[in-house]
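This briefing goes through a single protein chain, topic by topic. Please keep the sequence and the model open while reading.

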Amino acid sequence: MSYIVVSSLADMPATVLEHGAAGVVTLINADTLVERPASIAPDRHLFLGMNDITVPVEGLTHPGLVHLDRLLEFGHRWDRAAPLAVHCWAGISRSTAAAYILAIAINPDLDEQALAEELRRRAPSATPNALLVELADEKLGRGGRMVVAIRSIGRGADAFSGTPFVLPLTL
C-alpha cells in the first residue's frame, strides 16, 4: 500500500528521494520558483499557485475550486505504485490540507475524525488550510465532517517549518 508524504519546499527534494515518490503536488504562491526533482516526470508534477489564506484578500490568490478540482483529478490519476509527495512552503497548512483531502478522496471509507487525529499525531505543527478543507468537504459530500474533524485538532504547534511525515491511505 502506498502513502502520501508531506514536507516543506526546503525538504521536498530529499523527501522525494528518500521515499521514492512517483509524483509531486506543489501548493505554493504562484510566483515561487520550484525546481522539479529530476526523478519526477513533468506530467507527474502538479503546481497549484495559491497563497496560504482562508478568505479572499486583494492581490492574493486564495484556494478555490479550480485548485481543488486539479488536486482531486491528479490524485485520482496517481496509480499508488509509489508514494506521492505533497509540499507547500512550510509543510504546515496547504500541504497538510491537501494530503488530508487526497487520502479521503482516494479512500472514501476513511473516517474524517480518525484521519484528522492521525494527522495531528504524525504532524504536531499541522494546521490544515481551513478553506481548502471546507471546499473539499462540500465537493466530496462529507456533510461537514471534514471541517469539524480538522477544527477539533486545533492549531498545530508553532513552527517555522514542519517535519516531513507520512500520511497513510488506510487506518
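Which residues does A30 touch, not counting residues up to four places away in sequence? A30 touches F47, G49 and M50. The model is a predicted one. The points below start with the sheet, move on to its individual strands and the nonpolar cores, and end with loops and rings.

**The sheet**

- Five strands form an open sheet in the order β3-β2-β4-β1-β5, and the pairing is mixed.
- β3 (45–49) and β5 (165–168) are the edge strands, each of which pairs on one side only.
- On average, neighbouring strands of this sheet are turned by 20° against each other, with direction ignored.
- In general, strands of a sheet pair through backbone hydrogen bonds, in either the parallel or the antiparallel sense.

**Strand β1 and its partners**

- β1 (residues 3–8) pairs with β4 (residues 84–88) in the parallel sense, over five bridges.
- Within this pairing, V5 has A85 of β4 as its bridge partner, and S7 has H87 of β4.
- β1 and β5 run antiparallel and are joined by four bridges.
- The bridge partner of I4 in β5 is L167.
- Five of the six residues of β1 are buried, so the strand is mostly covered.
- Two β1 residues, V5 and S7, are also in contact with T15, as is P164, leaving aside the neighbours of T15 within four places in sequence.
- T15 itself is found in helix α1 (residues 12–19).
- T15 counts as buried because its relative accessibility is 5%, and buried means under 20%.

**Strands β2 and β3**

- Five bridges join β2 and β3, which pair in the parallel sense.
- V24 stands opposite H45, a residue of β3.
- β3 is an edge strand of the sheet, yet four of its five residues are buried, so the rest of the structure largely encloses it.

**Nonpolar cores**

- The largest nonpolar core has 44 residues, and the members that touch the most others are I4, V25, L27, V86, Y100, I101 and L119.
- Helix α3 (residues 94–106) supplies the largest share of this core, with 10 residues.
- A second, separate core has 10 residues, among them L9, M12, V34 and A85.
- I101 touches L68, L71, L72, L132, V133, A136, L140 and M146, not counting residues up to four places away in sequence.
- I4 appears among the most connected members of the largest core and is bridged to L167 in β5.
- A85 belongs to the second core and is the bridge partner of V5.

**The loop between β2 and β3**

- A30 lies in the loop between β2 (23–28) and β3.
- A30 is exposed because its relative accessible area is 57%, and exposed means over 50%.
- Among the contacts of A30 is F47.
- From C-alpha to C-alpha, A30 and G162 are 21 Å apart in space, and they are 132 residues apart in sequence.
- S39 also lies in the loop between β2 and β3.
- With a relative accessible area of 58%, S39 is therefore exposed.
- S39 and V24 are 15 residues apart along the chain, and their C-alpha atoms are separated by 10 Å.

**R80 and charges over rings**

- R80 lies in the loop between α2 (65–77) and β4.
- The phi of R80 is positive, at about 65°, although R80 is not a glycine.
- In general, most residues other than glycine have a negative phi.
- Is R80 buried, partly exposed or exposed? R80 counts as partly exposed because its relative accessibility is 29%, which falls between the 20% limit for buried and the 50% limit for exposed.
- R80 lies over the face of W78, at 5.7 Å from the ring centre.
- A second arginine, R44, lies over the face of F74, at 4.4 Å from the ring centre.
- How many aromatic pairs does a search of the whole structure find? The search finds zero aromatic pairs.

Conventions. Residues numbered from 1 in each chain as written. Predicted model: local features only at pLDDT ≥ 70, side-chain atom pairs only at ≥ 80, totals over all residues. Heavy atoms only, no water. Phe/Tyr/Trp six-rings, centres within 6.5 Å; stacked < 30°, edge-to-face > 60°. Lys NZ or Arg CZ within 6 Å of the ring centre and 35° of its normal. Pairing = 2+ DSSP bridges. Helix = DSSP H or I, 4+ residues; strand = E, 2+ residues; numbered from the N terminus. Axes fitted to C-alpha atoms, helices over the stretch in contact; angles between N-to-C directions. Buried < 20%, exposed > 50% of the residue type's maximum accessible area, 1.4 Å probe, protein only. Core = buried A, V, L, I, M, F, W, Y, C linked by side-chain atoms within 4.5 Å. Contact = heavy atoms within 4.5 Å.
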